[in-house]
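This briefing goes through one protein chain, from a helix and its surroundings to the chain as a whole. Keep the sequence and the structure in view while reading.

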Amino acid sequence: MFTLRIDGREIAPRPDETVLDALLRSGVEAPHSCRAGACRACLVRATAGAPPEDAADGVPPPLRERGWFLACLARPASDLTLTYEDDGETSVEAEVRSVELLAPDVARLALRPREEFSYRPGQYVVLRRDDGLSRPYSLASVPGEDDELELHVRRVPGGAFSGFVFEDLVAGDRLALRGPFGSCVYPETAADEPLVLAGTGTGLAPLLGVLREALRRGHGGTIDLYHGGRTADDLYLDERLSRLVDGRDGVRYVPSPLGGPPVRGGPVGRLDEVVFARHADLTGHRVFLCGAPDLVQKMRKQAFLRGAELDAIHADPFLSAPPR
Ligand SMILES: Cc1cc2nc3c(=O)[nH]c(=O)nc-3n(C[C@H](O)[C@H](O)[C@H](O)COP(=O)(O)OP(=O)(O)OC[C@H]3O[C@@H](n4cnc5c(N)ncnc54)[C@H](O)[C@@H]3O)c2cc1C
Ligand code: FES
């Protein structure tokens, strides 16, 4: 049996319990969201003891080297002394510049980090409120073109963080920002590859970042961007995307509502059916899939079966916290 030490307390994890579960059971306000290794909201640092190696999977090497690991994946294999204290290089403070509605249930959040913050379009950051509530959100902005970070937050009924963004957050507020994380990015080697980008809801945010970066770099292959939603009202960037692709050869924006009238003469139906009806063979393609987790996982498998290489499929399922 091993011991977890944090803030002068000693906690004995139960057999098979993760570090996160043990901390939460003991009343520690441990930041977390997905509890499945997908969001990095539960990062914690071991100042003594060795965290299990698999709990550092996907943690950027500079953080891993300083002892940071994912509490939701870690089953302790030794005594650990833990801290959530920042070691000075892990998170930056950002000022809220604006919160604007893009649709009744989608907000555009603009943030300005208070120190240099490097990222690639399509990656995501974990936002942290003063009380520790933390959630990941993807970046639609492009460094060099935008001085602010652009994030799209969908309001989830009863959602703790999205509710806070819609109801409380105003220009001038501060948030802590950790990251960037994730590999949903435009690779420099992709210059002539055909790109297929597909996402539902705010899954559009990282795809917008990738699309803008590809255009900025003068991408030579075709680009097809599919945005799915329940109805036309969910396609919250329709005009901006139409303008962005207007007059560009080989670059298409395909609004794809699930039901109701078509948008701009486009298809109506399930996003996976729409995309694969038009791209039956994805050999040599690079595919980006973001948004609703079930659909992303399903489309990832389908894209592979249709010929896309696994390392040419970039998928960010927006896994949320499990139901309370
Ligand atoms: C890598 C990554 C990137 C992400 N990027 C974005 C982004 O760019 N924009 C964005 O809006 N979100 C994004 N998310 C999701 C986001 O992190 C939050 O999970 C979401 O905003 C809900 O948080 P909340 O605190 O408002 O709701 P919570 O308080 O966490 O949830 C409240 C209740 O609603 C349920 N719930 C939460 N989300 C959903 C949902 N989508 N559908 C059905 N039930 C739900 C929960 O299980 C819970 O019972 C991303 C997630 C990941 C893992
Ligand atoms: S990665 Fe641990 S809570 Fe999401």
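In helix H6, which spans residues 271–278, the buried residues are Leu 271, Asp 272, Val 274, Val 275 and Phe 276. The model is a predicted one. The points below start from H6 and end with the overall form of the chain.

**Helix H6 and Ser 256**

- The buried residues of H6 pack against strand S12 (195–200), strand S13 (223–229), strand S14 and helix H7 (293–305).
- An α-helix has 3.6 residues a turn, so residues three or four places apart point the same way.
- Strand S14 covers residues 251–257 and includes Ser 256.
- Ser 256 has a relative accessibility of 1%, and it counts as buried because the cut-off is under 20%.
- Two of the residues in contact with Ser 256 are Leu 271 and Val 274, and both of these are among the buried residues of H6.
- Other contacts of Ser 256, leaving aside neighbours within four places in sequence, include Tyr 226, His 227, Gly 228 and Gly 229.
- Leu 235, Pro 267 and Gly 269 are also in contact with Ser 256.
- The side chain of Ser 256 reaches the backbone oxygen of Val 254 at 3.0 Å.

**Helix H3**

- Helix H3 runs over residues 160–167, and six of its eight residues are buried, so the helix is largely enclosed by the rest of the structure.
- The buried residues of H3 are Phe 161, Ser 162, Gly 163, Phe 164, Val 165 and Phe 166.
- These buried residues pack against strands, among them S6 (91–103), S7 (106–113) and S8 (124–128).
- Strands S9 (134–138), S10 (149–154) and S11 (174–181) also pack against the buried residues of H3.

**Glu 150 and Leu 109**

- Glu 150 lies in strand S10, and Leu 109 lies in strand S7.
- Glu 150 is buried, with a relative accessibility of 2%.
- Leu 109 is buried as well, with a relative accessible area of 0%.
- Glu 150 touches Leu 109.
- The side chains of Glu 150 and Arg 108 are joined by a polar contact of 3.3 Å.
- Not counting residues up to four places away in sequence, Glu 150 also touches Ser 138, Leu 139, Ala 140, Ser 141, Leu 208 and Arg 240.
- On the same basis, the residues that Leu 109 touches include Val 96, Ser 98, Val 99, Leu 127, Leu 149, Leu 151, Val 153 and Leu 169.
- Leu 109 and Ala 308 are 199 residues apart in sequence, and their C-alpha atoms are 34 Å apart in space.

**The whole chain**

- The protein chain has seven helices and 16 strands.
- With 324 residues, a compact globule would have a radius of gyration near 20 Å, and the 20 Å of this chain agrees with that.
- Taken along the principal axes, the C-alpha atoms fill a box of roughly 65 × 45 × 35 Å.
- Buried residues make up 52% of the 324 residues.
- Of the contacts between residues at least 6 apart in sequence, 65% join residues at least 24 apart.

**Surface and charge**

- The chain exposes about 15,000 Å², and carbon and sulfur atoms supply 47% of this area.
- There are 39 positive and 49 negative side chains.
- The centres of these two sets of charges lie 2 Å apart.

Conventions: Residues are numbered from 1 along each chain as its sequence is written. Chains are lettered from A and ligands numbered from 1 in the order in which they are written. This is a predicted model: local features need pLDDT of at least 70, side-chain atom pairs count only at pLDDT 80 or more; totals for chains, interfaces and linings use all residues. Side-chain values use heavy atoms; hydrogens and water are left out. Helices (H or I, at least four residues) and strands (E, at least two) are DSSP runs, numbered from the N terminus. The radius of gyration is taken over C-alpha atoms; the globule rule is 2.2 Å times the number of residues to the power 0.38. Buried means under 20% relative accessible area, exposed over 50%, partly exposed in between (1.4 Å probe, protein chains only). Contact means heavy atoms within 4.5 Å. Accessible areas come from the Shrake-Rupley method with a 1.4 Å probe; for residues, only the protein chains shown count as cover. Lys and Arg count as positive and Asp and Glu as negative; His and the chain ends are not counted. The place of a charge is taken as NZ of Lys, CZ of Arg, CG of Asp or CD of Glu. A polar contact is a pair of N or O atoms within 3.5 Å; within protein, one must be able to donate a hydrogen and the other to accept it, and residues adjacent in sequence count only if both atoms are side-chain atoms.
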